[in-house]
Amino acid sequence: MQMIMQRRNNMDILITIAFLALYYILGLGAVIAFKETGLEEVELEKADYLAAAMFPLILLVIFTGWVVERKLR
């Protein structure tokens, strides 16, 4: 039983990492969409990548809070 729970926890972690990666891509797309003013190429700066990284960070904080709350029950 304990081994099944360990596999389940590992799968939860992998799913969380996958969703954070997808949300990073979504955040990067949002940054590009906000910077785009027409049909020309968009030059991204370091701050743009940081803004895209902050997008899934909010979800990570919410997920971590949910996990801590669940563990403390």
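## Two helices and two surface patches

Let's start between the helices: Glu 41 sits in the loop that links H1 and H2. Is Glu 41 buried or exposed? It counts as exposed, because its relative accessibility is 73%; the cut-offs are under 20% relative accessible area for buried, over 50% for exposed, and partly exposed in between, with a 1.4 Å probe and protein chains only.

A word on what you're looking at: this is a predicted model, where local features need pLDDT of at least 70 and side-chain atom pairs count only at pLDDT 80 or more, while totals for chains, interfaces and linings use all residues. Residues are numbered from 1 along each chain as its sequence is written, and side-chain values use heavy atoms, leaving out hydrogens and water.

Overall, the chain has 2 helices and 0 strands. These are DSSP runs numbered from the N terminus (helices: H or I, at least four residues; strands: E, at least two). Of the chain's 73 residues, 10% are buried. About 6500 Å² is exposed, and carbon and sulfur atoms supply 70% of that; the areas come from the Shrake-Rupley method with a 1.4 Å probe, and for residues only the protein chains shown count as cover.

Now for the patches. Glu 41 joins Glu 36, Glu 43 and Glu 45 in a negative surface patch. There's also a nonpolar surface patch of about 1200 Å² accessible area together, and its members include Met 11, Phe 19, Ile 25 and Phe 55. Patch residues have over 30% relative accessible area and no salt bridge, with like charges joined within 9 Å and nonpolar side chains (Val, Leu, Ile, Met, Phe, Trp, Tyr) within 5 Å. A salt bridge here is a side-chain nitrogen of Lys or Arg within 4 Å of a carboxyl oxygen of Asp or Glu.

Which helix gives the most to the nonpolar patch? That's H1, with 8 residues, though H1 (2-35) and H2 (46-72) each supply at least two. Ile 25 belongs to H1, and Ile 25 is exposed because its relative accessible area is 56%.

What about links across the chain? Take contacts (heavy atoms within 4.5 Å): among those between residues at least 6 apart in sequence, 53% join residues at least 24 apart. Here are two C-alpha pairs:

| Pair | Apart in sequence | C-alpha distance |
|---|---|---|
| Gly 29 and Ala 52 | 23 residues | 8.1 Å |
| Met 54 and Tyr 24 | 30 residues | 8.2 Å |

Gly 29 is in helix H1 and is partly exposed, at 36% relative accessible area. Met 54 lies in helix H2 and is partly exposed too, at 40%.

Conventions: Lys and Arg count as positive and Asp and Glu as negative; His and the chain ends are not counted. The place of a charge is taken as NZ of Lys, CZ of Arg, CG of Asp or CD of Glu.
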